[in-house]
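Student: I am new to this structure and would like a close look at one part of it. Could you walk me through the charged side chains and their partners?

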Amino acid sequence: MCWSATADLVAGTAVAAVGVACVARARRARDLPLAALPLLLGAHQLVEARVWHTGGGTGPATLAWAVIALPLLAAWVPVAVWCAVPGPARRRLLLPLASGAVTAALLTHALATRTVRAEIRGHTVGYVLGLPYPELLVAGYLVATIGAFLLSGDRVLVTLGALVAVGALVCGVLWRLEFVSTWCAVAAVCSVVVWAWVGRRSPAAVGA
């Protein structure tokens with residue numbers, strides 16, 4: 001995240017706390033993966049606080065951060081949205097699901113065969129992996145994550161997707177080399193919108 005280890009620690013703790021509340025508030029088993037998204041993203045920021053404290057490099061914290069940021073989220077987000085939406089809406093999510101599966105597989109292979117390195121660059125952290133065809137992988141990642149929210153048909157989730165999309169654009173313009181780190185931080189903060197979504201998921205308000 002931008003600024004410092006302290007910023008990551010504070011933001012991560014706050015977002016993770018919202019995630020715990022979202023999980024506790026969820027009333028349907030199929031809502032749990034999406035309800036847990038703020039918890040996952042908050043924990044991710046706490047991992048990056050550790051990256052700051054270790055001065056970057058190629059240690060376990062850097063690898064853990066990359067595993068969550070790259071293959072795990074690419075697969076988790078579309079699957080979580082697919083589980084949560086009503087049956088008729090799931091057909092729209094086939095593209096994000098397929099894109100997430102392929103992208104996650106390619107990113108997993110890259111992490112297994114290459115070394116990821118974190119670099120402290122002033123008030124940001126950059127992660128270097130040397131991905132093959134990075135533009136295609138980024139496109140697949142965005143389709144899987146942002147696309148899943150935008151195609152969900154749920155007003156709150158579409159709003160979340162729009163916020164994350166704007167965040168991606170801003171981070172891409174301002175921090176091109178540190179895009180992944182800064183965008184993950186923005187996504188973590190935006191994910192607190194899930195609290196409002198969970199609040200609307202009462203059995204009386206949601207069809208099977």
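Student: Which backbone nitrogen lies 3.0 Å from a polar atom of the side chain of Asp-154?

Tutor: Happy to help, and please keep in mind that this is a predicted model. The backbone nitrogen you are asking about belongs to Val-156. To place the pair, start with Asp-154, which sits in the loop between α6 (134–150) and α7 (155–174). The relative accessibility of Asp-154 is 14%, and because buried means under 20%, this residue counts as buried.

Now look at what surrounds Asp-154. If we set aside its neighbours within four places in sequence, Asp-154 is in contact with Trp-197 and Arg-200. Arg-200 deserves a second look, since it also forms a salt bridge with Asp-154, where the closest N and O atoms are 3.3 Å apart. Arg-200 belongs to the segment after α9 (194–199), whereas Asp-154 is in the loop between α6 and α7, so this pair ties together parts that are 46 residues apart in sequence. The two partners also sit in unlike surroundings: Arg-200 has 36% relative accessibility and counts as partly exposed, while Asp-154 is buried.

It helps to recall a general idea here. Side chains of opposite charge can pair when their charged atoms come close.

With that in mind, let us go on to the other salt bridges. The count in this model comes to three, and one of them is the Arg-200 and Asp-154 pair. Glu-119 takes part in another, with Arg-117 as its partner and 2.7 Å between the closest N and O atoms. Glu-119 also pairs with Arg-121, and there the closest N and O atoms are 2.6 Å apart. Through these shared partners, the salt bridges join Arg-117, Glu-119 and Arg-121 into one network.

How open are the members of that network? Glu-119 is partly exposed, at 25% relative accessibility. Arg-121 is partly exposed too, with a relative accessible area of 25%. Arg-117 has a relative accessibility of 36%, so it counts as partly exposed as well.

To bring you back to where you began: the side chain of Asp-154 has a polar atom 3.0 Å from the backbone nitrogen of Val-156, and Asp-154 also forms a salt bridge with Arg-200.

Technical notes
Residues numbered from 1 in each chain as written. Predicted model: local features only at pLDDT ≥ 70, side-chain atom pairs only at ≥ 80, totals over all residues. Heavy atoms only, no water. Helix = DSSP H or I, 4+ residues; strand = E, 2+ residues; numbered from the N terminus. Buried < 20%, exposed > 50% of the residue type's maximum accessible area, 1.4 Å probe, protein only. Polar contact = N/O pair within 3.5 Å; in protein donor to acceptor, adjacent residues only side chain to side chain. Contact = heavy atoms within 4.5 Å. Salt bridge = Lys/Arg side-chain N within 4 Å of Asp/Glu carboxyl O.
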